[in-house]
Amino acid sequence: MRRLSRRKALSLVKELDAFPKVPDSYMETSASGGTVSLLAFGVMAVLAVLEFFVYRDTWMKYDYEVDKDFSSKMRINIDITVAMKCQHVGADILDLAETMIMSNGLKYEPVIFELSPQQRLWHRTLLVIQKGLGEQHSLQDVLYKTVHKGAPTILPLREGASLEPLSACRIHGHIYVNKVAGNFHITVGKPIQHPRGHAHIAAFVSHQTYNFSHRIDLLSFGEEVPGVIHPLDGTQKTTPNNNQMFQYFITVVPTKLHTYKISADTHQFAVTEREREIDHAAGSHGVAGIFVKYDTSALMVTVREQHMPLGQFLVRLCGIVGGVFSTTGMLHRFVGSCVDVVCCRFKLGVYKPTEVRVSTDLTLRRVRTQPPEVSPD
């Protein structure tokens, strides 16, 4: 009984076989089929290699949500060179509540405003990258993925010693401010704080020494991420006027960056530039200097680097193999059918009629039969 039940089970399983085997005696191979098979294997190999490169690549996913953190401090990273001596300029920040932020984190360093040949090469390269970022926003994803790999985004030090006078001032460092709108400015005189606000002591600075030509080597918000280039990096403004006002209006967007190499709380920003000459007689009022007015956005962006899962990669490989096999098989049968129709219509190839000549050599033999002789006996 057990043997009968096993036989029934095996016969049932055989009936459910979705892959019936065809005997080799019923299979016919051809040169065209072999050629198509070789082409199919070549196409599958190329597509598999390309799919592997896609599997190795990553992409950046952007998620948006409301920024609920308003109590924390925001860091501003500054590296600006002004074409004035350090004792003649001062930098500070006023926020929306007219609260003066102490700029103790900023350093004043006498430097030469003109760049050395190596620094000019770095500056030109940075401007080319900035132009590319303005035209193709996808380059920002490349910068996010290649942090710590590219060239440093900080102006290299001047090579060798120079005899030129140190007529410019490099203001660099970082300041922590509240996450509210504010105004960072560099103008004539050192800042002082008093009960009614703040002021800059500019009475002892000659008006002829005013020159707010400047170069922004770095201006960013949040943690510094090596390899990331910000919109104002590399900006250089020169003017022959003594009373020139430069204004930058910035909207800051909090950004959380999570890649396979780094995780940081940084900020992106968009900027609008404006400059004008201060001429009170012509109705253009104000104070000469560099003014960076910033405001924070209520939205927060989370940038994550993602990778294709291994299971999806294997499924796509199976799809490539099956798709190429099915497509090439259908094309081979279709082309073969078309060739058969054409050959049959025009009597070509195997359909060409053949002439059969039969030569017969018939030898006729006449056989005479005589009746047997009867003996007289």
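Trainee: Which residues form one aromatic cluster with Phe313?

Mentor: Phe52, Phe53 and Tyr55 join Phe313 in that cluster. This is a predicted model, in which local features need pLDDT of at least 70 and side-chain atom pairs count only at pLDDT 80 or more, while totals for chains, interfaces and linings use all residues. Residues are numbered from 1 along each chain as its sequence is written, and side-chain values use heavy atoms, with hydrogens and water left out.

Trainee: How many aromatic pairs turn up in the whole structure?

Mentor: The search finds seven. Rings of Phe, Tyr and Trp (its six-membered ring) pair if their centres lie within 6.5 Å; planes under 30 degrees apart are stacked, over 60 edge-to-face, and the rest tilted. One of the pairs is tyrosine 210 with phenylalanine 212, which is edge-to-face, at 6.5 Å centre to centre and 65° between the planes.

Trainee: Is phenylalanine 212 buried or exposed?

Mentor: Phenylalanine 212 is buried, because its relative accessible area is 1%. Buried means under 20%, exposed over 50%, and partly exposed in between (1.4 Å probe, protein chains only). Tyrosine 210 is also buried, at 13%.

Trainee: Which rings have a charged end over them?

Mentor: The charged end of lysine 190 sits over the ring of tyrosine 108, 4.0 Å from the ring centre. Arginine 215 has its charged end over the ring of phenylalanine 113, 5.3 Å from the centre. The test is that NZ of Lys or CZ of Arg lies within 6 Å of the ring centre and within 35 degrees of the ring normal.

Trainee: New topic. How many residues are in the largest nonpolar core?

Mentor: That core has 35 residues, and those with the most contacts inside it are Phe184, Ile186, Ile250 and Tyr294. A nonpolar core is a set of buried Ala, Val, Leu, Ile, Met, Phe, Trp, Tyr and Cys residues joined through side-chain atoms within 4.5 Å.

Trainee: Which elements give two or more residues to this core?

Mentor: Strands 2, 3, 6, 7, 10, 12 and 14 do. Strand 2 (73-82) gives the most, with five residues. Helices (H or I, at least four residues) and strands (E, at least two) are DSSP runs, numbered from the N terminus. There is also a second, separate core of eight residues, including Met60, Ile262, Val301 and Val303.

Trainee: What does phenylalanine 184 touch?

Mentor: Leaving out residues up to four places away in sequence, phenylalanine 184 touches ten listed neighbours, among them Ile78, Ile80, Leu106, Val292 and Tyr294. Contact means heavy atoms within 4.5 Å.

Trainee: And histidine 185, where is that found?

Mentor: Histidine 185 is in strand 7 and counts as buried because its relative accessible area is 4%. Its side chain makes a polar contact of 2.6 Å with the side chain of aspartate 92, and another, of 3.4 Å, with the side chain of histidine 200. A polar contact is a pair of N or O atoms within 3.5 Å; within protein, one must be able to donate a hydrogen and the other to accept it, and residues adjacent in sequence count only if both atoms are side-chain atoms. Beyond four places in sequence, histidine 185 is also in contact with residues including Gly90, Leu94, His198 and Ile290.

Trainee: What about serine 220, buried or exposed?

Mentor: Serine 220 is buried, at 2% relative accessibility. This residue lies in strand 10 and touches Arg75, Ile76, Asn77, His230 and Phe269, again not counting residues up to four places away in sequence.

Trainee: Now the helices. How far does helix 5 reach?

Mentor: Helix 5 has 37 residues and runs 54 Å from its first C-alpha to its last, close to the expected 54 Å. The expected span is 1.5 Å times one less than the number of residues. Lysine 347 follows helix 5, with a positive phi near 55°.

Trainee: What covers the buried residues of helix 5?

Mentor: Helix 2 is part of that cover. The buried residues of helix 5 are Phe313, Ile320, Val324, Thr328, Gly329 and Cys343. For helix 2, the buried ones are Gly33, Ala40, Met44, Glu51 and Tyr55, and their cover includes strand 15 (299-307) and helix 5 (310-346).

Trainee: How many helices and strands does the protein have?

Mentor: Five helices and 15 strands. Buried residues make up 33% of the 377 residues.
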